[in-house]
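The following exercises are to be worked with the sequence and the coordinates at hand. Each task is followed by its solution.

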Amino acid sequence: MKKCLVFLGVLLLWMVPAHGGLSADDKQQLVDRVVAAYGGDALLSLPRLAFEDRTRRLQFGQSVRPDEIDLTPYRASIVIDFENNRKSWRSAAWFGSERYTQNQFFDGNRGVSLNHTARTFAEDAGLSFARADRSLSYTLDTVLVRLLHGAAQDARYSGDVLLGGALHHMLVFQADGHPQMTLFINAETAVISKMTRPHWMEGAVHSYRFSRHERRNNILYAADTYVLSRGQPRTITVSREVNLNPSMDGLFDIPSGYEEEGAGIDFSEMKAEEIGDGVYIAGQNWGFSLFVDEGDHFIAAGGYAGFTDRYEAVTSLVGEDKPVRYFIVSHHHLDHMGGMQEIAGLGATFVVHRSHLTSLQARLDQPVAESEVVLISDERAALGARVQVVDVPSAHASHNLTTYVHDDGSFFSADMFFSRQQQGGVRATAALAETLKRLRVAPRQFVAAHSSRPLSLQDLTTAVGEDRPDRCPESWTICTP
Ligand SMILES: [Zn+2]
């Protein structure tokens, strides 16, 4: 029977004209069929829509250990007010026994993020209606149909494919403020089985598979969405509640008594700075690197994609072309290994913890031999004339190599503290200060892969001391995993 269906599928595939086979009229007809399948006018005139998901996230490339995949309970509540162009996003994630809640909204005019633990808020100019939900709406196919309908004019038919033996039309479109998406539409039912959108790694995609469709007040939605990232499982749905008439109470208010956070630093431009004698920090957005002048070469750390741009910013600041001889790999997480191929291309020798070698190899086009890297197994190792490499294990990563410039007192790490504000606003893990205290290392200033503003040890210990347990507002329904 299955063979028969596959054969039928192939036959259908053969009968439908390939690439570009749908005329403009046919394409519009397909969009209309999709809209009709999801409720037609009932969907298009829907003033608001809410959904609440209980999910599990698999931490491929972001687990504590490189050889095990961690599972994170994750809950989210999204309310979309189509009528007034407003959107609210609330989430809770659990790392071990620690909960971490987040909240942001766009109220039609401005984007706001709220920190209910610190009782603070911050206005965020980059937080639009499209971006307020951190892409979470893409997990609900019903929302995609609204987006498709609004951008149908420029949608493009890109051929047919068999999914699970059923013929699917592929439709590519891009709604305002959203990434380009490819919909896989069941040719017979006009229901969306799958959507893909680009991943930040070239050629890779995020995939969303929609199943177990249900109908409420004639509106169709997938009760189950399975998200993959680069072909690996990312999110599994445990349960989903869809609400077509959600309450808007308090969703777009800043609770009384909340204080505004200090102004953020503008990281949008590439910037290179000398923060110590021959010690430089360079970067933009979320990726920064440290460069230590060792006379005729640099020792560098901070492996986000775009390393070459940061290297060039430093050489133009110094006015001298020096090679990067050593590059210190902090840990195995995918984002911090985004620049490995560039760094190999610059001819640098990798300094890497023994347990991260396999992860590093996976990020390189040409594998490096063990003899071609500096393997670190100890807690502390000397490198060049000015640098010590210090391993700081934490709940974030089982090993994490930091860079200490001992003759200058500068210290660089990844994912141990965050500071994105001009003043204050520091979040730090206790592990860093504890390890440094035990090893009797007392740097005078700290910079990091995500934070280029130099901080003192006091800044970090104060932040650890002020760290409070997560507070989930009483009215929320997503506070337990
Ligand atoms: Zn990390």
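**Exercise 1.** Determine which residue with a positive phi follows α2.

*Solution.* In this predicted model, the residue is G39, which follows α2 and has a phi near 130 degrees.

**Exercise 2.** Check the span of helix α2 (residues 24-37), and establish how its buried residues are arranged around the axis.

*Solution.* Step 1: The helix has 14 residues; at 1.5 Å a residue it should span 20 Å, and the end C-alpha atoms of α2 are 20 Å apart, so the two values agree.
Step 2: The buried residues of α2 are L30, V31 and V34. They cover an arc of only 95 degrees around the axis and therefore lie on the same side of α2.
Step 3: An α-helix has 3.6 residues a turn, so residues three or four places apart point the same way.
Step 4: The cover over the buried residues of α2 includes α4 (141-150), β8 (166-173), β9 (181-186) and β10 (192-198).

**Exercise 3.** Describe how helix α8 (residues 430-438) packs with α9.

*Solution.* Step 1: The axes of α8 and α9 are 9 Å apart, at an angle of about 130 degrees. The two helices are therefore oblique to each other.
Step 2: The crossing of α8 past α9 is left-handed.
Step 3: On the α8 side, A430, L432 and A433 meet L457, L460, T461 and V464 of α9.

**Exercise 4.** Classify R471 as buried, partly exposed or exposed.

*Solution.* Step 1: R471 lies in the segment after α9 (457-466).
Step 2: R471 has 14 C-beta neighbours inside 10 Å and therefore counts as partly exposed.
Step 3: Leaving aside neighbours within four places in sequence, R471 is in contact with H116 and T117.

Methods:
Residues are numbered from 1 along each chain as its sequence is written. This is a predicted model: local features need pLDDT of at least 70, side-chain atom pairs count only at pLDDT 80 or more; totals for chains, interfaces and linings use all residues. Helices (H or I, at least four residues) and strands (E, at least two) are DSSP runs, numbered from the N terminus. A residue is buried if 20 or more other C-beta atoms lie within 10 Å of its own, exposed if 12 or fewer, and partly exposed in between; C-beta atoms are placed from the backbone. Two residues are in contact if their C-beta atoms, placed from the backbone, lie within 7 Å. The expected span of a helix is 1.5 Å times one less than its number of residues. The arc is that of the directions from the helix axis to the C-beta atoms. Axes are lines fitted to C-alpha atoms, for helices over the stretch in contact, and angles run from 0 to 180 degrees between N-to-C directions. Angles under 35 degrees count as roughly parallel, over 145 as roughly antiparallel, 65 to 115 as roughly perpendicular and the rest as oblique. A crossing is left-handed if the near helix is turned anticlockwise from the far one by less than a right angle, and right-handed if clockwise.
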